[in-house]
Amino acid sequence: MTDTLKASTVSQGGRVKVWDPAVRIFHWGLVAAFCVAYFTADDYRNIHEWSGCVVVGLIACRLVWGVIGSRYARFSDFVPRPGRLTDYVRLALKGQEPSHLGHNPAAAIMILFLLLANGVIGISGLLLTTDWGWGSGVLEEVHEISVNMTLIAIALHVSAAIYESFHHQENLIRSMLTGYKRR
């Protein structure tokens with residue numbers, strides 16, 4: 001792992017607490033709210049709108065937690081500088097990327113994109129319910145294109161998590177459930 005650790009963060013068995021409950025609740029809450037919104041879009045308008053509001057609320061909380069939260073939740077810990085991202089991508093293309101205890105630079109960019117895209121979906125959807133935005137073709141296009149882009153990003157995100165899990169012998173999905181990763 002490229003991240004340094006304080007001895008107090010390592011538990012028995014070499015497991016390290018990385019993802020705090022707020023990050024995990026946000027992550028799985030966003031998954032659930034996005035899925036509910038997506039699958040209720042045509043037939044259950046009230047549920048669709050409420051789940052969209054949940055998405056916006058979750059993102060607002062995550063933005064705050066990204067500033068004041070635990071070490072690995074903070075944007076300052078994982079948002080890479082361009083050079084670091086370039087180096088990581090170059091190594092990843094060779095299959096030589098280092099393992100990271102927190103988010104790797106490519107994952108950090110995906111997280112930022114997913115936050116932005118889900119925010120655009122939620123805000124555009126909310127605006128479509130107002131007198132100002134009701135019936136706006138442009139707003140509907142923004143909403144729909146953002147959803148489609150997000151679906152592609154989700155597929156990439158899940159694929160990358162599976163790849164990284166095998167490549168670094170670390171079950172990232174389990175770590176997002178338990179909060180622990182192996183040292």
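**Exercise 1.** Work out what the chain does over residues 47-68.

*Solution.* Start with the secondary structure: residues 47-68 are 100% helix and 0% strand, where helices are DSSP runs of H or I with at least four residues, strands are E runs of at least two, and both are numbered from the N terminus. Next, take the ends: their C-alpha atoms sit 31 Å apart. Finally, check the record: the unreviewed UniProt entry annotates 21-41, 47-68 and 106-127 as "transmembrane region"; such annotations may be inferred rather than shown by experiment.

A word on the ground rules: this is a predicted model, with local features needing pLDDT of at least 70, side-chain atom pairs counting only at pLDDT 80 or more, and totals for chains, interfaces and linings using all residues. Residues are numbered from 1 along each chain as its sequence is written, and side-chain values use heavy atoms, leaving out hydrogens and water.

**Exercise 2.** Lay out the elements of the protein in order.

*Solution.* Count them: seven helices and two strands. Then read from the N terminus: β-α-α-α-α-α-α-α-β.

**Exercise 3.** Find the largest nonpolar core and the elements that feed it.

*Solution.* First, the term: a nonpolar core joins buried (under 20% relative accessible area, 1.4 Å probe, protein chains only) Ala, Val, Leu, Ile, Met, Phe, Trp, Tyr and Cys residues through side-chain atoms within 4.5 Å. The largest has eleven residues, including Phe26, Leu58, Phe78 and Ala108. Helix 1 (21-39), helix 2 (45-68), helix 3 (75-78) and helix 5 (105-128) each give two or more residues to this core. Apart from it lies another core of eight residues, among them Trp19 and Tyr72.

Technical notes
Buried means under 20% relative accessible area, exposed over 50%, partly exposed in between (1.4 Å probe, protein chains only).
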